[in-house]
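Dear colleague,

Please find below the sequence and structure that I am handing over to you. My findings follow directly after them.

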Amino acid sequence: RFISMQVPKLKAKFDVKHFQSILETKTLGKASVVYKPVATSTMDEAEVILQKGCQPGSIVIADTQTKGRGRNDRAWFSNSSENLYISLVLRLSSIQSVINVNFAAPLAVAMTVESAGGVDTARVKWPNDVWVGNRKLAGVLLNTVAMPGISGGTFGVNLGIGVNINQDMSKVKGLGNNEATSIYMENGKRVINREAFLADMCKNLEALILLERGKLMTIYKKYDLLLGNEIIVMPNKKEDVASYYKAKAVEYSQEGYLIVEPLTGGDRKTLSSEEVSIRPEQKKKE
């Protein structure tokens, strides 16, 4: 289902009909699929249909993004149709559900990378990345927005996911050799069917979102990259090296924050994803 013997095709279009024919979800991807060969960003396109009152579970897919972005508006390289760039529109009834999605989305990506075959070392790096080894393979961006004409604490969620699937990222100009990787680079250069990957990822995500928080976190921690390891906390901009400090990642709070112990001593600190960037000081030991 996942593996193809074909050589990656740079201009191959995403096959929406094939994706829909193999999709095994109740809502995700069922309501509406908006396909764009080229988009500024799937997040922008999803924002438009959300404001128009689209059904929850609608999905936007682009083969190429001209202004793809990640957290803190960082540019996300996305001019290759060999990879996967999507945004899902969700409607959630509580902030706790939003927190669940924040944990579930990168976890669903890591689980799908594993089931696609050939890569069993995909790990979730809080708050929104998937890494293999010391290189980034995928990123997740979650924005909550007002739902038009709806009140009573309902949250509209625009969930963007970018996964490097079939591109050799080492050949991308402007990226260092150790910055990014892809499934293709990690699985012995076997091409992955993007439609099958997305269908499986949607199925995993839908199941994970419905889990009680404790069960979700039990699975999450099996794929977690940070807990128990030393990390470098970057409280300010990455350029502000003087503000960095080393800490041990200890636990996740019920609010979705990361709790750390500074190696210099003192009280534990609770880190918000909006305030810090982090990177592992060492690889996760199995």
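The notes below go from the whole protein to one helix, then to the nonpolar cores and a few single residues.

Please bear in mind that this is a predicted model. The protein has 286 residues, and 52% of them count as buried. Its secondary structure consists of 6 helices and 14 strands. Of the contacts between residues at least 6 apart in sequence, 67% join residues at least 24 apart. The accessible surface comes to about 13,600 Å², and carbon and sulfur atoms account for 49% of that area.

Helix α3 deserves a description of its own. Helix α3 runs over residues 95–115, which makes 21 residues. From its first C-alpha to its last it reaches 30 Å, close to the 30 Å expected at 1.5 Å a residue. There is nevertheless a bend of about 25° at Ala-104, and a proline, Pro-106, follows within four residues. Just after the helix, Gly-117 takes a positive phi of about 100°.

I turn next to the nonpolar cores. In soluble globular proteins, nonpolar side chains tend to be buried together. The largest nonpolar core here holds 69 residues, and those with the most contacts inside it are Leu-159, Phe-197, Leu-198 and Leu-258. Helix α3 gives the most to this core, with 11 residues. A second, separate core has 7 residues, including Ala-46, Ile-49, Leu-50 and Val-60.

Val-101 is a residue of helix α3. Its relative accessible area is 0%, under the 20% limit, so Val-101 counts as buried. Leaving aside neighbours within four places in sequence, Val-101 is in contact with Leu-90, Leu-92, Pro-106, Leu-142, Leu-159 and Ile-209. One of these, Pro-106, is the proline that follows the bend at Ala-104, and another, Leu-159, is among the residues with the most contacts inside the largest core. Val-101 and Glu-206 are 105 residues apart in sequence, while their C-alpha atoms are 9.5 Å apart in space.

Two serines in loops may also interest you. Ser-182 sits in the loop between β8 (155–163) and α4 (183–186). Ser-182 is buried, because its relative accessibility is 0%. A polar atom of the Ser-182 side chain lies 3.2 Å from the backbone nitrogen of Met-185. Not counting residues up to four places away in sequence, Ser-182 touches Leu-137, Asn-164, Ile-165, Gln-167 and Met-169.

Ser-243 is in the loop between β10 (230–234) and β11 (245–252). With a relative accessible area of 18%, Ser-243 falls under the 20% limit and is therefore buried. Apart from neighbours within four places in sequence, Ser-243 is in contact with Val-233, Pro-235 and Asn-236.

Finally, Lys-248 belongs to strand β11. Lys-248 counts as partly exposed because its relative accessibility of 38% lies between the limits of 20% and 50%. The C-alpha atoms of Lys-248 and Glu-230 are 4.4 Å apart in space, and the two residues are 18 apart in sequence. Not counting residues up to four places away in sequence, Lys-248 touches Gly-228, Asn-229, Glu-230, Ile-259, Val-260, Glu-261 and Leu-263.

With kind regards

Key
Residues numbered from 1 in each chain as written. Predicted model: local features only at pLDDT ≥ 70, side-chain atom pairs only at ≥ 80, totals over all residues. Heavy atoms only, no water. Expected span 1.5 Å × (residues − 1). Bend = angle between axes of the 7 residues up to and from the residue. Core = buried A, V, L, I, M, F, W, Y, C linked by side-chain atoms within 4.5 Å. Buried < 20%, exposed > 50% of the residue type's maximum accessible area, 1.4 Å probe, protein only. Polar contact = N/O pair within 3.5 Å; in protein donor to acceptor, adjacent residues only side chain to side chain. Contact = heavy atoms within 4.5 Å. Areas by Shrake-Rupley, 256 points an atom, 1.4 Å probe, with all protein chains shown as cover.
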